[in-house]
Amino acid sequence: MGLKVYINGEYFEKDEAKISVFDHGLLYGDGVFEGIRSYDRLVFKLEEHVDRLYESSQGIMQNIPLSKKDMIKAVVETLKLNKLDNAYIRLIVTRGVGDLGLDPRKCKFASIIIITDNIKLYPEKLYKEGLAIITVPTPRNMPEALNPQIKSLNYLNNILAKIEAINSGYEEALMFTAHGYVAECTGDNIFIIKNNNLITPPAYLGILKGITRACVMDIAKKAGMTVKEEIITRHNIFTADECFLTGTAAEIIPVVCLDKRTIGDNKPGKITLNLMKEFRKATKTDGVKY
Ligand code: PMP
């Protein structure tokens, strides 16, 4: 039996799981999504992800025809059906099937899709040795135009930045706001540590308010660190003691080099390693069991 995919309350075999070519999610990137992880039959921060999904949906004036409670139930049911203990979960809500025009009023029903799959992990080497990243010319979307706090299906901004990084021989790109402040990476938030202060750009600049980001900020506060959401520049990263990225898929990944300039002492920092350890503990307790 293959992987089953949830579409609008029904389950389909992976190869049969299809949506219409008239779905505005495909035609216009008109929809929202979440990337979620489960660890040993615990969906990490599921309620937070569902809250963000509904907030994103509100941000694009899209109604989700399912309560949050039922959405949580559907995610858990899909995981159980697929007998996945450790999974990557993609939760998608599109505007639904309409015609070839933009008019969202033609889309009568939102499409709800839940894909659960095995998680592909980043190579262990990157966590031990740290990642090298590069700044790219494409700025993050202007929040006044399309707020990056909305996790919409339109990820072209991030994909273009990713291509620029790949073309330069790097796996991850550091993106700036249109005003030149550090924003985030293509699929991860960024943190620096300076004199025992944990610093990350504020969400109002136009970044995704990461759930891993919030979790790491909590852990650091509990450990007695000063946590600041503050504007940072490239200079702050070059002169930081430590640097790391956070995201559901990457978890916490140390960054040791930006634009071929070494950060700290060119290896994952002590505080970063400790936060990684504490984060691992959180993934065992903080979520919905199934
Ligand atoms: N920024 C962007 C642009 C992302 O796509 C993601 C991952 N979805 C993140 C940050 C990290 O967010 P989270 O910790 O909620 O996965």
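Two rings of Phe, Tyr or Trp count as a pair here if their centres lie within 6.5 Å. With that cut-off, ring pairs join Tyr 39, Phe 44 and Phe 279 into a cluster. The model is a predicted one, and the search through it turns up five aromatic pairs.

One of these pairs brings together Tyr 6 and Tyr 11, whose ring centres are 5.7 Å apart; the planes meet at 75°, so the pair is edge-to-face. The two partners differ in how much of them shows at the surface. Tyr 6 is buried, at 8% relative accessible area, while Tyr 11 comes out at 25% and counts as partly exposed. Another edge-to-face pair sits inside the cluster mentioned above: Phe 44 and Phe 279 have 5.5 Å between their centres and 90° between their planes. Phe 44 belongs to strand β4 (residues 42–44) and Phe 279 to helix α8 (residues 270–282), so this contact ties together parts of the chain 235 residues apart in sequence. Both Phe 44 and Phe 279 are buried. Rings also meet charge in this model. The charged end of Arg 261 sits over the ring of Phe 238, at 3.7 Å from the ring centre.

Turning to charged pairs, side chains of opposite charge can pair when their charged atoms come close. Across the whole structure, 15 salt bridges are found. One of them joins Glu 251 to Arg 37, with 3.7 Å between the closest N and O atoms. This is a link between distant parts of the chain, as Glu 251 is in strand β14 and Arg 37 in strand β3 (residues 31–39), 214 residues away. Neither end is out in the open: Glu 251 is buried at 9% relative accessible area, and Arg 37 is buried at 6%. The two also belong to a network of salt bridges that takes in Arg 280.

A further salt bridge pairs Arg 234 with Asp 259, at 2.4 Å from N to O. Here Arg 234 lies in helix α7 (residues 234–238) and Asp 259 in the loop between β14 and β15 (261–262), so the parts tied together are 25 residues apart in sequence. Arg 234 is partly exposed, with 34% relative accessible area. Within helix α8, Glu 278 and Lys 281 are three residues apart, which puts about one helical turn between them. Their side chains meet in a salt bridge of 3.1 Å, N to O. Glu 278 is partly exposed at 28%, and Lys 281 is partly exposed too, at 48%.

As for internal space, the structure holds three cavities of 30 Å³ or more. The largest has a volume of about 90 Å³. Its lining is made up of 13 residues, and those nearest the centre are Arg 140, Pro 148, Ile 150, Asn 154 and Tyr 155. Sorted by class, that lining has five nonpolar, six polar and two charged residues.

The second largest cavity holds about 50 Å³ of space. Among the residues lining it are Asp 241, Cys 243, Val 255, Ile 263 and Lys 267. Strands β13 (242–247) and β14 (251–258) each contribute at least two lining residues, with the largest share, three residues, coming from β14. By class, six of the residues lining the second largest cavity are nonpolar, two are polar and four are charged. Strand β14 thereby turns up in both settings: it supplies lining residues here, and it carries Glu 251 of the salt bridge to Arg 37.

Methods:
Residues numbered from 1 in each chain as written. Predicted model: local features only at pLDDT ≥ 70, side-chain atom pairs only at ≥ 80, totals over all residues. Heavy atoms only, no water. 1 Å grid on protein atoms, 1.4 Å probe; cavity = no way out; pocket = protein on both sides within 12 Å on 5 of 7 lines; lining within 4 Å. Points joined across faces, edges and corners; volume = space filled by probe spheres on them. Nonpolar A, V, L, I, M, F, W, Y, C, P; charged D, E, K, R; others polar. Helix = DSSP H or I, 4+ residues; strand = E, 2+ residues; numbered from the N terminus. Phe/Tyr/Trp six-rings, centres within 6.5 Å; stacked < 30°, edge-to-face > 60°. Buried < 20%, exposed > 50% of the residue type's maximum accessible area, 1.4 Å probe, protein only. Lys NZ or Arg CZ within 6 Å of the ring centre and 35° of its normal. Salt bridge = Lys/Arg side-chain N within 4 Å of Asp/Glu carboxyl O.
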